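Please walk me through this structure in plain terms. I would like to know how its parts fit together.

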Amino acid sequence: VQLQASGGGLVQAGGSLRLSCAASGRTFSRYVLGWFRQAPGKEREFVAHISWSGGMTYYADSVKSRFTISRDNAKNTVYLQMNSLKPEDTAVYYCAAGTRYTDDNTAYDYWGKGTLVTVSS
């Protein structure tokens, strides 16, 4: 599975962005999909993940009620809608695919290259 994230950019605090991650391959629906982020000087952290069919989602406390993860298996794409953005959301955002429904980034087998989100105050 190859993943390509897009949709990052510069936004003011309180604004919104929608990230997309397109995947290659015909087995997209077999994978759990996650979004992770890494801020400068910090370790990569979990943001959200979504189950194979999209019926279950889970979020980090820091983004709960502001971010929404979704997927379209027909389009081989996972999305991250980010609202009420804060400067502390500034990071490179990565999408990842794995076979386990977990927030442990070591369990994800495939990673996209990431897209930069910058939130100005």
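**A walk through the model**

The side chain of His49 comes to 2.7 Å from the backbone oxygen of Thr102. The model in view is a predicted one. His49 belongs to strand β5. Is His49 buried or exposed? With a relative accessibility of 2%, His49 falls below the 20% limit and therefore counts as buried. Leaving out residues up to four places away in sequence, His49 touches Val32, Leu33, Gly34, Met56, Thr57, Tyr58, Ile69, Tyr101, Thr102, Asp103 and Tyr108.

One of these contacts, Ile69, leads to a sheet. Strands of a sheet pair through backbone hydrogen bonds, and the pairing is either parallel or antiparallel. Here four strands form an open sheet in the order β1-β3-β8-β7, and their pairing is antiparallel. β1 (3-6) and β7 (67-72) are at the edges with a single partner strand each, so one side of each has no neighbour in the sheet. From one strand to the next, the twist averages 15°.

At one edge, four bridges pair β1 with β3 (residues 17-23) in the antiparallel sense. Ala5 stands opposite Cys21 of β3. At the other edge, β7 and β8 run antiparallel and are joined by six bridges. In this pair, Ile69 is placed opposite Leu80 of β8. The hairpin of β7 and β8 has four residues between the strands, and Asn76 takes a positive phi near 55° there.

The side chains along β7 alternate. Phe67, Ile69 and Arg71 point to one face and are buried, while Thr68, Ser70 and Asp72 point to the other face and are not buried.

Two of these buried residues, Phe67 and Ile69, also appear in the largest nonpolar core. This core has 35 residues, of which Trp35, Val47, Phe67, Ile69, Leu80, Met82 and Tyr93 touch the most other members. The elements that give two or more residues to the core are β1, β3, β4 (32-38), β5 (45-50), β7, β8 (77-82), β9 (91-98) and β11 (115-120). β9 gives the most, with five residues. To see one core residue in its surroundings, take Phe67: apart from neighbours within four places in sequence, its contacts are Arg37, Val47, Tyr59, Leu80, Gln81, Met82, Asn83, Leu85, Asp89 and Tyr93.

Aromatic rings come next. A pair of such rings is described by the distance of the centres and the angle of the planes. The model has eight aromatic pairs. For Phe36 and Trp111, the ring centres are 5.0 Å apart and the planes are at 50°, so this pair is tilted. Phe36 is in strand β4 and Trp111 in strand β10 (residues 108-111), so that the pair links parts of the chain 75 residues apart. Phe36 is buried, with a relative accessible area of 0%, whereas Trp111 is partly exposed at 28%.

Trp52 and Tyr101 form another tilted pair, with ring centres 6.5 Å apart and planes at 35°. Trp52 lies in the loop between β5 and β6 (57-59) and Tyr101 in the loop between β9 and β10, so the pair ties together parts 49 residues apart in sequence. Trp52 is partly exposed, at 32% relative accessible area, and Tyr101 is partly exposed at 29%.

Which residues form one aromatic cluster? They are Phe36, Phe46, Tyr58, Tyr94, Tyr108 and Trp111. Tyr58 and Tyr108 are also among the contacts of His49, where this walk began.

Conventions
Residues numbered from 1 in each chain as written. Predicted model: local features only at pLDDT ≥ 70, side-chain atom pairs only at ≥ 80, totals over all residues. Heavy atoms only, no water. Pairing = 2+ DSSP bridges. Axes fitted to C-alpha atoms, helices over the stretch in contact; angles between N-to-C directions. Core = buried A, V, L, I, M, F, W, Y, C linked by side-chain atoms within 4.5 Å. Buried < 20%, exposed > 50% of the residue type's maximum accessible area, 1.4 Å probe, protein only. Contact = heavy atoms within 4.5 Å. Polar contact = N/O pair within 3.5 Å; in protein donor to acceptor, adjacent residues only side chain to side chain. Phe/Tyr/Trp six-rings, centres within 6.5 Å; stacked < 30°, edge-to-face > 60°.
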